[in-house]
Amino acid sequence: MTSPASSSEVKYLIESSEGNTFDVSGAALRQSNTFNAMFLNIGADGPIPFTDYNEATLKKVFEYCEHSVNEENYSGPKHQDDLSKWDLNFFNEMDQKMFIDVINASNFLDIERLTSYCCERIARMLRGKNTQEMIKVITLPTAEELEAKQKVEEKKAAAAKKVAEKAAETAEKTETLEELPVQQLVQTTRNKLTRKYLSFSNE
Amino acid sequence: MSSPFPLLRLPGVILCEVFKSLSIGEKIQLSLCSTKISTQINNAQFYSHNVIVNQDFLSHKIRIHSENNKDVFEIFICPDIGKNHNSNTQRCPIACCTVPVIFIPTGIKIFWKIYSEGFLSVIQHLLKVFQCKISININCYCSNLFQQTISKLFDLQLEFRTLTIKIQHLTIYNNLGRVEDLRIFSLPDPEFIPVFTSWPQKITIMNSAWFTLEYLLTCTCTRIFLEDSLLGNEDLDEILKNWKAGGFPNLEYLYIESQRISDNGSTILGVNLLKLRGKHIKNNDRSKKLVTKLSTKFGFERIEMSVTVV
């Protein structure tokens, strides 16, 4: 169970494409602008479904977020040379498939720092090369692959639209809650917190 | 990650970020990898106002550089006679053609059967990538290739940052409104009567003897530079009276260099020429102020007028 974040101690449950759930700290999750826009102020009942991405990818993304919680505030893209040893290890231990999955997930979750480092890493593959050398570094997709990519992007856009609509619906409900008498509002919040504690003790 | 990277499988936003962080040369080199990549780069819509495509017809070179000249890439258009290719020649797609390209340290050499077609295709390719205006180098106004190519660029409705032309070319270019800074080289030709159907934002005329008061009074440019002019004190008087009455609504700066401007006793706005030095003049509705500056060089009197809104 999840609840609105007020401190870094709060944990949120994340659901992957396999249906597995794992918890992520509120502080780490708040690095995702998508999360902030959809759930931060209104909370979420049950695990947050990021079901377009598998568990390994999401864990990798949130591993990065957990690590950068204590780093200084993000101040725009860094050059690859400025990356810490930890950052370099983080990227180096990924194979290409995982790297692409991480970029896609980071892009969807809108985690600025991670997305920007991923972009810089890709740019570095191309930097200082001429056309001939670039062609050796990148794979040029077939027409079928491009068509498939377009379909996936359309599907994702539709899914994101659905999530946004759901979030808007929840926000409307929250607004209704705000109109309730204070006593009733306290009781509702208490019920939510109880559900959250029960959820953690069950684990 | 040693296997080839599937760049185009990445989401458009990511691709855009990657492209953004590449230099001018890297963007061009990448755009030549395939038509699909080129399309993606064009879709990224780099409104790169700081990129200047500078076309130099005499050396058959297109120089693409940033405003501060730190990021530079050169493209040479060479005649494709087949003999000058080597093992490093690669075929790259540009504007629906696949042409031989050789990579050199400062840029690339592109081989094209017809020069003008090569220039046009490369320019169009570059303008799609950078969404910027084009500048035509000052030394190219006499090139034969120049006239037909610029005319075609006008037909394509492209915008020019700077354009240097011969006065005789004025008739060819139908919409000077698309030119930010027009520089005209004038060669004496009493037979030719220039006609302006539209005006650029700024105009510089070298040897402007033909540019009479009648032309000037219809000029809507913001900055006007007239070198070797034949305008005299009476013309200055007329110009200032016209400005005071609301004429030259766009004018910010006017520079006239003429041997006919002199302290010959005739008056300008009721005072003699020397009294105009550093004079502040307000227009009739007092919304604008004009400051004059006088100087002399090689026997030419030079007058500068700077206009500010009050």
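## Exercises on a predicted model

Gln131(B) lies in the loop that joins helix H4 (115–130) to strand S7 (134–136) of chain B. The structure is a predicted model, and the exercises below treat its backbone, its cysteines and its chain interface.

### Exercise 1. Backbone angles in two loops

Determine the phi of Gln131(B), and state whether Gln131(B) is buried, partly exposed or exposed.

Solution. Step one is the angle: Gln131(B) is not a glycine, yet its phi is positive, at about 50 degrees. For background, most residues other than glycine have a negative phi. Step two is the accessibility: Gln131(B) has a relative accessible area of 25%, so it counts as partly exposed.

Carry out the same steps for Arg286(B), beginning with the loop in which it is found.

Solution. Arg286(B) is located between strand S15 (280–282) and strand S16 (288–297) of chain B, in the loop. Its phi is also positive, near 60 degrees, and the residue is other than glycine. With a relative accessible area of 56%, Arg286(B) is exposed.

### Exercise 2. Cysteines and disulfides

Establish how many disulfides the rule finds over all chains, and examine Cys33(B) and Cys219(B).

Solution. The count over all chains is zero. For Cys33(B), the nearest cysteine sulfur belongs to Cys92(B) and is 7.5 Å away; Cys33(B) is in no disulfide. Its relative accessibility is 7%, and therefore Cys33(B) counts as buried.

For Cys219(B), the closest cysteine sulfur is that of Cys221(B), at 3.4 Å, which is too far for a bond. The cut-off needed in this step is 2.5 Å between the sulfur atoms. Cys219(B) is buried as well, with a relative accessible area of 4%.

### Exercise 3. The interface of chain B and chain A

Describe the interface by its residues in contact, its buried area and its polar contacts, and then by the elements that contribute to the side of chain B.

Solution. First, the contacts: 31 residues of chain B touch 34 residues of chain A. Second, the area: the two chains bury about 2900 Å² between them, and carbon and sulfur atoms account for 66% of it. Third, the interactions: zero salt bridges are found across this interface, while eight residue pairs are in polar contact, both residues at pLDDT 80 or more.

Fourth, the elements: helix H1 (12–20), helix H2 (24–31), helix H3 (35–43) and strand S4 (90–94) of chain B each give two or more residues to the side that touches chain A. H1(B) supplies the largest share, six residues. Fifth, the composition: this side of chain B comprises 19 nonpolar, eight polar and four charged residues.

Conventions
Residues are numbered from 1 along each chain as its sequence is written. Chains are lettered from A and ligands numbered from 1 in the order in which they are written. This is a predicted model: local features need pLDDT of at least 70, side-chain atom pairs count only at pLDDT 80 or more; totals for chains, interfaces and linings use all residues. Side-chain values use heavy atoms; hydrogens and water are left out. Contact means heavy atoms within 4.5 Å. Buried area is the accessible area (1.4 Å probe) that two parts lose on being put together, summed over both. A salt bridge is a side-chain nitrogen of Lys or Arg within 4 Å of a carboxyl oxygen of Asp or Glu. A polar contact is a pair of N or O atoms within 3.5 Å; within protein, one must be able to donate a hydrogen and the other to accept it, and residues adjacent in sequence count only if both atoms are side-chain atoms. Helices (H or I, at least four residues) and strands (E, at least two) are DSSP runs, numbered from the N terminus. Ala, Val, Leu, Ile, Met, Phe, Trp, Tyr, Cys and Pro count as nonpolar, Asp, Glu, Lys and Arg as charged, and the others, Gly among them, as polar. Buried means under 20% relative accessible area, exposed over 50%, partly exposed in between (1.4 Å probe, protein chains only).
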